[in-house]
Amino acid sequence: MRNYASYYGIPFFTDKLNSDIIPNNLLSEMRNPNAAYWSNFYSDLHELPLEPSNFAFYTARFLQGLAEKNSYKNILDIGCGNGRDSYFLSSQGYTVTGIDLCSKIEVDNFQFLQKNILDHEFDGFDVCYLRFVIHTLTESECVQLFARLALMPPKTLIAFETRSTTNITKEEKLETFFKSPIGDEHFRMLYSKNYMDNMLENFIILESSDSADVAKFKTENPYCLRYFINPKL
Ligand SMILES: C[S@@+](CC[C@H](N)C(=O)[O-])C[C@H]1O[C@@H](n2cnc3c(N)ncnc32)[C@H](O)[C@@H]1O
């Protein structure tokens, strides 16, 4: 595990961080090794895609195919970035709240909260949508997040897309630091489909896949895991 102390000049011990001695905004950044990276990334918006992701279209179609589609109204876009998918989902008639550590987005057709997702309550949402967020979290953050999502009502739909280990390593999981076509080298946590299936023991898997050609961007065509899951009773 890489030491993230260089970001802040202080040791990174998640369980010892305390809001009594450290301001909340810094505490939030310190818990997340990528916070500084994403703040910079979203401070220069001109290179970022504004069109919805392929996964947003796929999720909208998935929602429309559900038997009780009319009961899915409120979507929480967790780690919404510049809000591209929040905008799209709100244009499809959903009430969307986007949440991200990033402070640079101004929105008028959905609610935006600048917050660490690990500090946020998920109550009141029918859908939790996470695109390319799981791979930005450390494994222990991901486990915490899934533990919280598992407590949601059983009909809650959780939809996520995240980079997989396929074509990168034969290991079940891998911590990487690599550069994408835009932005600097930064942390990513990759999982195999088998490993992810096991992480999701508290969920019912409605649909899952591991494939390329779903998130092409400039020179990249990564294998991605896609999951549509419900919390188990
Ligand atoms: C690769 S970007 C994906 C953005 C967007 N979902 C998309 O597909 O365009 C990952 C986003 O997750 C956010 N993020 C990562 N960890 C977070 C956390 N703990 N709390 C809130 N946002 C977080 C980052 O700030 C960044 O905007």
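These legends go with a handful of close-ups of a predicted model.

**View 1. How confident the predictor is along the chain.** Averaged over the protein chain, pLDDT comes to 83, and 76% of the residues reach 70 or more. Residues 1-31 are another story: pLDDT stays under 50 there. For that stretch the model has 25 contacts beyond four places in sequence.

**View 2. Helix α5 and what it packs against.** Helix α5 takes in residues 84-91, and seven of those eight are buried. If you want to pick them out, they are Arg-84, Asp-85, Ser-86, Tyr-87, Phe-88, Leu-89 and Ser-90. So who are the neighbours? The buried residues of α5 pack against one helix, α4 (54-64), and against the strands β1 (74-78), β2 (95-100) and β4 (127-131). Following α5 comes Gly-93, with a positive phi near 100°.

**View 3. The two sides of helix α4.** Look for Phe-55, Ala-56, Thr-59, Ala-60 and Leu-63, the buried residues of α4. They all end up on the same side of the helix because they cover an arc of only 140° around the axis. Swing round to the other side of α4 and you'll find Arg-61 and Gln-64, both exposed. What covers the buried residues of this helix includes α5 along with the strands β4, β5 (157-163) and β9 (224-231).

**View 4. Strand β1 and its parallel partners, β2 and β4.** Strand β1 is mostly covered, with four of its five residues buried. Its pairing with β2 is parallel and runs over five bridges; Leu-76 has Thr-97 in β2 as its bridge partner. To get from β1 to β2 the chain crosses through α5, and this β-α-β crossover is right-handed. β1 also runs parallel to β4, joined by three bridges. Here Asp-77 is the residue to zoom in on, as its bridge partner in β4 is Tyr-129.

**View 5. Strand β6, hardly covered, with its partner β7.** How many of the six residues of β6 (173-178) are buried? The count is zero. Strand β6 does have a partner, though: β7 (residues 186-191) pairs with it in the antiparallel sense over six bridges. One pair to click on is Glu-175 with its bridge partner in β7, Met-189. While you have these strands on screen, keep a general point in mind: side chains in a regular strand alternate between the two faces of the sheet.

Notes. Residues numbered from 1 in each chain as written. Predicted model: local features only at pLDDT ≥ 70, side-chain atom pairs only at ≥ 80, totals over all residues. Buried ≥ 20, exposed ≤ 12 C-beta atoms within 10 Å, placed from the backbone. Contact = placed C-beta atoms within 7 Å. Pairing = 2+ DSSP bridges. Arc of directions from axis to C-beta. pLDDT = per-residue confidence, 0-100. Right-handed = clockwise from strand over helix to strand, strands pointing away.
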